[in-house]
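Here is a short briefing to read alongside the model. Keep the viewer open and follow the residues as they come up.

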Amino acid sequence: MKKPHTLRLNSKTPLYLWNLKILNSTNDGLFSETLYLYYSMQQSGVHGNGFTFPFVLKACSHINSILHGTMVHAHVLQLGFHHHVFVQTALLDMYSKCYDLQSSRKVFDKMPVRTSVSWNSIISAYCRCSLVDEATSLLHEMRVLDFRPTSTTFLSFLAICDLQQGLLIKCCAYKFGLLSSREISLTNAFMKMYVKYGQVHEARAIFDMMHEKSVISWTTVIDGYVAIGNVSEAFSLFNRMRTSVKPDFIVFMSLISGCAQERNLLFASSIHSLSLKGGFDNGDPIDSFLVKMYANCGDLVSARRVFDMTREKSVFLWTSMIRGYTHLGYPVEALELFKALLDMAIKPDEETVATVLLACADLGSLEMGEGIEKYILSNGLHSNLQVQTSLIHMLCRCGNLEKAKAVFDRISTKDLAAWSSMINGYAIHGMGQEALSLFHKMLKTELIKPDEVIYTIILLACSHSGLVEDGLKIFQSMQIDFGIEPSIEHYTCLVDLLGRAGQLELALKTINELPVKVQAEAWAPFLSACRKYGKLELGEFAARKLFDLNPGRVGNYILMSNLYAQAGKWKEAAVTRRLVDERGLVKESGWSYIEINASVHVFLAGDRSHYKSGEIYNKLEELNGKLLEAGYIPETDDAIA
């Protein structure tokens with residue numbers, strides 16, 4: 001216990017001065033100093049009274065020291081204050097906050113005189129231990145004995161009750177006239193309860209009836225609208241809030257999260273500007289949220305500007321920026337930033353490592369991924385499930401399925417994400433039977449409940465491996481056995497599955513049963529199947545649908561042009577090719593990369609910017625010559641002029 005620097009009390013100091021010093025230190029939150037003062041007073045021969053003990057016991061509860069609390073209790077008994085109602089209430093509150101419910105109840109049962117505060121304290125003790133039924137029984141007993149509940153009584157319940165229990169508490173509080181403008185804290189708590197269970201409209205009804213609103217009142221309702229995705233209404237309330245009370249840090253955090261969900265760059269830049277004007281530009285955590293917000297809005301330039309301007313960067317800020325690069329398709333930048341982080345005093349955590357492994361997976365950089373795996377092992381992160389799942393995903397994407405399976409097998413308790421990563425690894429490598437086998441093992445042996453994502457994965461696996469019958473069974477099982485309604489992704493996989501197997505009539509029937517607004521995604525794999533099987537008329541029908549529903553996708557024109565070329569209709573192929581230019585569409589250049597000595601070299605089609613491009617193209621000409629000598633004839637059906 002640290003000795004206070006300004007202690008000027010001695011054996012001649014009267015009790016009231018000791019009490020004053022104890023009162024001040026407790027009110028200032030210097031609880032260890034309070035205990036030091038109390039024991040110094042004891043050593044000087046001065047004993048506490050009914051004023052001293054409640055503050056000393058409060059200090060014990062705040063530092064969760066049951067040892068000191070028990071010693072003070074012994075002094076209370078020795079000095080005869082065990083009948084003092086305020087001292088006894090402080091004792092039961094101390095035991096309650098130190099999670100010694102049994103001792104708290106003993107003190108309560110022995111109290112000769114009880115007040116509403118005493119009842120509130122014991123009810124709070126049971127609520128703190130999540131014993132709602134026992135607390136409710138005490139509330140009933142309190143009312144029978146004609147003690148009037150206060151807002152504090154019901155606040156204890158609202159911290160742990162479910163919605164149904166909360167509604168009963170609200171009715172009870174209403175009967176006692178506690179839902180008034182004078183009880184703002186209780187009213188705010190009821191609003192928080194509604195927001196917690198997604199009933200924002202009910203919270204808003206209470207809010208609108210409040211004559212006096214605190215910052216917490218505004219923040220609670222704004223947070224509720226953000227949680228349900230109604231960011232526009234949250235902003236509308238925020239603008240009203242600014243005319244009556246000053247927004248706090250929490251409301252800005254809530255709105256920044258809302259902008260990240262909404263992906264609305266205009267809202268994002270507005271709230272950033274207002275947060276700066278409000279003086280909330282002092283680093284994390286708000287900067288981490290801002291980086292995430294801008295990244296979600298697709299504005300990596302602004303995200304990086306916030307990152308660079310933050311002087312003291314936490315691991316959360318680094319992770320937010322790395323995640324932004326990764327999720328928006330800039331894995332090289334993500335890896336460069338991770339390398340920079342390794343040179344700092346800050347250590348990457350599990351979230352950082354899991355994110356950068358995704359960047360390695362996107363880049364197909366096995367060498368970098370294995371380097372990060374060494375970091376994982378040397379820093380004790382190998383047992384983290386999120387890291388293991390990302391490692392499996394990276395190894396699968398980089399083609400090392402054997403090692404990915406070894407990592408998967410080492411996981412003692414696998415969640416759905418881990419199973420999904422391994423099954424997806426088999427799926428993307430065309431190993432449909434292995435994916436199906438693992439999927440059925442997950443369902444039957446491990447009893448893991450599947451979700452929409454894993455069904456998309458397993459349907460893709462069936463599609464790429466030609467497992468039509470298995471795919472159809474899985475599509476039906478998804479709905480019948482697990483009640484999962486098919487999404488556009490599932491329907492697209494189904495059309496692709498049928499199309500690849502040549503069952504074009506059934507695929508067409510499936511598309512026609514879809515809502516028009518989601519058909520655009522399903523027509524593309526159907527057109528591809530028409531191209532594969534040379535079904536010109538069906539292909540023309542699909543192309544017309546695609547050109548109407550999604551006229552800006554260049555790949556659709558390429559597919560149709562190739563289908564015409566395959567059928568020898570060169571005039572129609574040329575007309576289709578001209579549509580690309582007439583509509584101002586641009587085909588993205590093809591690109592590839594190669595990793596050499598942990599450095600990634602990226603090449604665009606026709607690119608000659610690489611410093612060794614001369615040597616590269618000479619080698620390509622040499623290889624082409626050898627291919628021609630060997631009798632290789634390239635297939636050019638899929639090319640477009």
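His75 makes a good starting point: with a relative accessibility of 16%, this residue counts as buried, because the cut-off for buried is under 20%. Please keep in mind that this is a predicted model. The notes below begin around His75, step back to the whole protein, and then visit salt bridges, loops and a few individual residues.

**Around His75**

- His75 sits in helix H4, which covers residues 66-78.
- Which residues does His75 touch, not counting those up to four places away in sequence? They are Tyr38, Tyr39, Gln42 and Phe53.
- Three of these names, Tyr38, Tyr39 and Gln42, have numbers that fall in helix H2, residues 31-43.

**The protein as a whole**

- The secondary structure consists of 35 helices and two strands.
- How does the radius of gyration look beside that of a compact globule of 641 residues? The protein has 34 Å, whereas such a globule would have a value near 26 Å.
- The C-alpha trace spans about 110 × 55 × 55 Å along the principal axes of the protein.
- Buried residues make up 46% of the 641 in the protein.
- Looking at contacts between residues at least 6 apart in sequence, 59% of them join residues at least 24 apart.
- The protein exposes an area of about 33,300 Å², and carbon and sulfur atoms supply 54% of that area.
- There are 63 positive and 66 negative charges, and the mean positions of the two sets lie 7 Å apart.

**Salt bridges**

- How many salt bridges does the structure hold? The count is 14, and several of them are described here.
- Glu513 pairs with Lys509 in a salt bridge whose closest N and O atoms are 2.7 Å apart.
- Glu513 itself is exposed, as its relative accessible area is 57%.
- In helix H35 (residues 613-629), Lys619 and Glu622 are three residues apart, so about one helical turn separates them.
- The side chains of Lys619 and Glu622 meet in a salt bridge, at 3.5 Å from N to O.
- Is Lys619 buried or partly exposed? Lys619 counts as partly exposed, with 44% relative accessibility.
- Glu622 is partly exposed too, with a relative accessible area of 38%.
- Glu622 also forms a salt bridge with Lys626, and here the closest N and O atoms are 3.5 Å apart.
- Both Glu622 and Lys626 belong to helix H35, where they are four residues apart, or about one turn of the helix.
- Elsewhere, a network of salt bridges links Arg204, Asp208 and Glu233.

**Loop residues with positive phi**

- As background, most residues other than glycine have a negative phi.
- Ser130 has a positive phi, near 60°, and is a residue other than glycine.
- Where is Ser130 found? Look in the loop between helix H7 (116-128) and helix H8 (132-144).
- Leu447 is not a glycine either, yet its phi is positive at about 55°.
- Leu447 belongs to the loop between helix H26 (432-444) and helix H27 (452-465).
- With 68% relative accessibility, Leu447 counts as exposed, because the cut-off for exposed is over 50%.

**Pro450, in the loop with Leu447**

- Pro450 has its place in the loop between H26 and H27, where Leu447 is also found.
- Pro450 counts as buried, at 5% relative accessibility, whereas Leu447 counts as exposed.
- Leaving aside neighbours within four places in sequence, Pro450 is in contact with Leu416, Phe439, Met442, Leu443, Tyr455, Phe482 and Ile484.
- What distance separates the C-alpha atoms of Pro450 and Phe338? They are 33 Å apart, and the two residues are 112 residues apart along the chain.

**Ser32 in helix H2**

- Ser32 is part of helix H2, made up of residues 31-43.
- The relative accessible area of Ser32 is 36%, so this residue is partly exposed.
- Along the chain, Ser32 and Val56 are 24 residues apart, and 9.8 Å separates their C-alpha atoms.

Conventions
Residues are numbered from 1 along each chain as its sequence is written. This is a predicted model: local features need pLDDT of at least 70, side-chain atom pairs count only at pLDDT 80 or more; totals for chains, interfaces and linings use all residues. Side-chain values use heavy atoms; hydrogens and water are left out. Buried means under 20% relative accessible area, exposed over 50%, partly exposed in between (1.4 Å probe, protein chains only). Contact means heavy atoms within 4.5 Å. A salt bridge is a side-chain nitrogen of Lys or Arg within 4 Å of a carboxyl oxygen of Asp or Glu. The radius of gyration is taken over C-alpha atoms; the globule rule is 2.2 Å times the number of residues to the power 0.38. Accessible areas come from the Shrake-Rupley method with a 1.4 Å probe; for residues, only the protein chains shown count as cover. Lys and Arg count as positive and Asp and Glu as negative; His and the chain ends are not counted. The place of a charge is taken as NZ of Lys, CZ of Arg, CG of Asp or CD of Glu.
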